[in-house]
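Me: I am new to this one. Please show me the sequence and the structure, and then let me ask about them.

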Amino acid sequence: MNNKIKIERAVNNYTQEQLAQLVSVTRQTINAIELKKFVPSTVLALKICKVFNKPVEEVFFLEDEDFPK
């Protein structure tokens, strides 16, 4: 799963630390999500989208490799 968190953070002028505090996780968690090393829970994804005031489909999206062949 890919995401646009880094882009949304830039648009909203948030650091990883600021976003992490807003959604009650560590900065390392936000970093891992941005680098596609960690897939957030549904609750965390929705919290992140709420901070950005965006629907989940505009921040998180599936890639071809997410589907079975």
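Below are short questions and replies about this structure.

This is a predicted model, where local features need pLDDT of at least 70, side-chain atom pairs count only at pLDDT 80 or more, and totals for chains, interfaces and linings use all residues. Residues are numbered from 1 along each chain as its sequence is written, and side-chain values use heavy atoms, with hydrogens and water left out.

Me: In what order do the elements of the protein run from the N terminus on?
Reply: Helices (H or I, at least four residues) and strands (E, at least two) are DSSP runs, numbered from the N terminus. The protein has five helices and two strands. From the N terminus on, the order is β-α-α-α-α-α-β.

Me: What is the radius of gyration of the protein?
Reply: It is taken over C-alpha atoms, and the globule rule is 2.2 Å times the number of residues to the power 0.38. For 69 residues the rule gives 11 Å, and the protein comes close to that, so it is as compact as a globular protein of that length. The radius of gyration is 12 Å.

Me: What percentage of the 69 residues in the protein is buried?
Reply: Buried means under 20% relative accessible area, exposed over 50%, and partly exposed in between (1.4 Å probe, protein chains only). By that cut-off, buried residues make up a share of the 69 residues equal to 32%.

Me: Is L19 buried or exposed?
Reply: L19 sits in helix α2, which spans residues 16-23. Its relative accessible area is 0%. L19 is therefore buried.

Me: Which residues does L19 touch, not counting those up to four places away in sequence?
Reply: Contact means heavy atoms within 4.5 Å. One partner, I5, is 14 residues away along the chain, with 9.6 Å between the C-alpha atoms of the two. The full list is I5, R9, I30, V51 and F52.

Me: Which residues of helix α1 are buried?
Reply: Helix α1 covers residues 5-12. Its buried residues pack against β1 (2-3), α2, α3 (27-34), α4 (42-52), α5 (56-59) and β2 (60-61). The buried residues are I5, E8 and R9.

Me: How wide is the arc that these buried residues cover around the axis of α1?
Reply: The arc is that of the directions from the helix axis to the C-beta atoms. The face turned away from the buried side carries the exposed residues K6, I7, A10 and V11. I5, E8 and R9 are the buried ones. They lie on the same side of α1, because their arc is only 105°.
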